[in-house]
Amino acid sequence: MTVGATEEIIVYVLAFAQAVSVGLISASASSSRHRSALYVAGLLMIGVTVVAGFVLGARAPWIGPIFAIVAAVTGTLAAARSLGDDPAMRGESYGQRIVFVLSRRSNSRDDDDENAS
């Protein structure tokens, strides 16, 4: 199986589109009641990309980096956008919300409080 220039571009465009989907899914998963299903869907999509990367190998070497970078950037930007709906973050600029998304850490005590309610 050979991948020509046109086919290689198509592979990269598909990886880009799939990465945007994974980024949006991961950003919306934390605030959804269907959190587990969204995480599983994201993991399945990541698995498809990993398998495609192994199958294509050296013929499409940028599939992994493109996917990882686009998914991370999309997830960060979408999470920062969704923080604009939070009353505590409404006055913050978009840039400050991005910094907050990048710097926040999961707190197991918050997860326990959420499960107790």
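Ala19 is buried, its relative accessible area being 0%. In this predicted model, Ala19 belongs to helix H1, which spans residues 5-29. The C-alpha atom of Ala19 is separated by 4.5 Å from that of Ala71, although the two residues stand 52 residues apart along the chain. Across the 117 residues of the protein, 26% count as buried, and Ala19 is one of the buried residues.

The secondary structure consists of five helices and zero strands. Read from the N terminus, the order of elements is α-α-α-α-α. Two packed helices are described by the angle between their axes and by the distance between those axes. For H1 and H2, the angle is about 160° and the axes lie 9 Å apart. Because angles over 145 degrees count as roughly antiparallel, H1 and H2 are assigned to that class. The crossing of H1 past H2 is left-handed.

Helix H2 covers residues 35-56 and includes Leu43 as well as Val50. The relative accessibility of Leu43 is 59%, so this residue counts as exposed. Val50, at 43% relative accessibility, counts as partly exposed, since that class lies between the limits of 20% and 50%. Both Leu43 and Val50 contribute to a nonpolar surface patch, which is completed by Ile46 and Phe54. The area of this patch is about 430 Å². A further relation of Val50 is with Ile63, 13 residues apart from Val50 along the chain; the C-alpha atoms of the two are separated by 8.8 Å.

Charged side chains were also examined. Side chains of opposite charge can pair when their charged atoms come close. A search of the whole structure returns one salt bridge. The salt bridge joins the side chains of Arg81 and Asp85, with an N to O distance of 3.9 Å. This distance satisfies the criterion because a salt bridge requires a side-chain nitrogen of Lys or Arg within 4 Å of a carboxyl oxygen of Asp or Glu. Asp85 has a relative accessibility of 51% and therefore counts as exposed, the limit for that class being over 50%.

In summary, the predicted model contains five helices and zero strands, with H1 and H2 roughly antiparallel to each other. Ala19 of H1 is buried, whereas Leu43 of H2 is exposed and forms part of the nonpolar patch.

Key
Residues numbered from 1 in each chain as written. Predicted model: local features only at pLDDT ≥ 70, side-chain atom pairs only at ≥ 80, totals over all residues. Heavy atoms only, no water. Patch = residues over 30% accessible without salt bridge, like charges linked within 9 Å, V, L, I, M, F, W, Y side chains within 5 Å. Areas by Shrake-Rupley, 256 points an atom, 1.4 Å probe, with all protein chains shown as cover. Helix = DSSP H or I, 4+ residues; strand = E, 2+ residues; numbered from the N terminus. Buried < 20%, exposed > 50% of the residue type's maximum accessible area, 1.4 Å probe, protein only. Axes fitted to C-alpha atoms, helices over the stretch in contact; angles between N-to-C directions. Parallel < 35°, antiparallel > 145°, perpendicular 65-115°, else oblique. Left-handed = near helix turned anticlockwise from the far one by under 90°.
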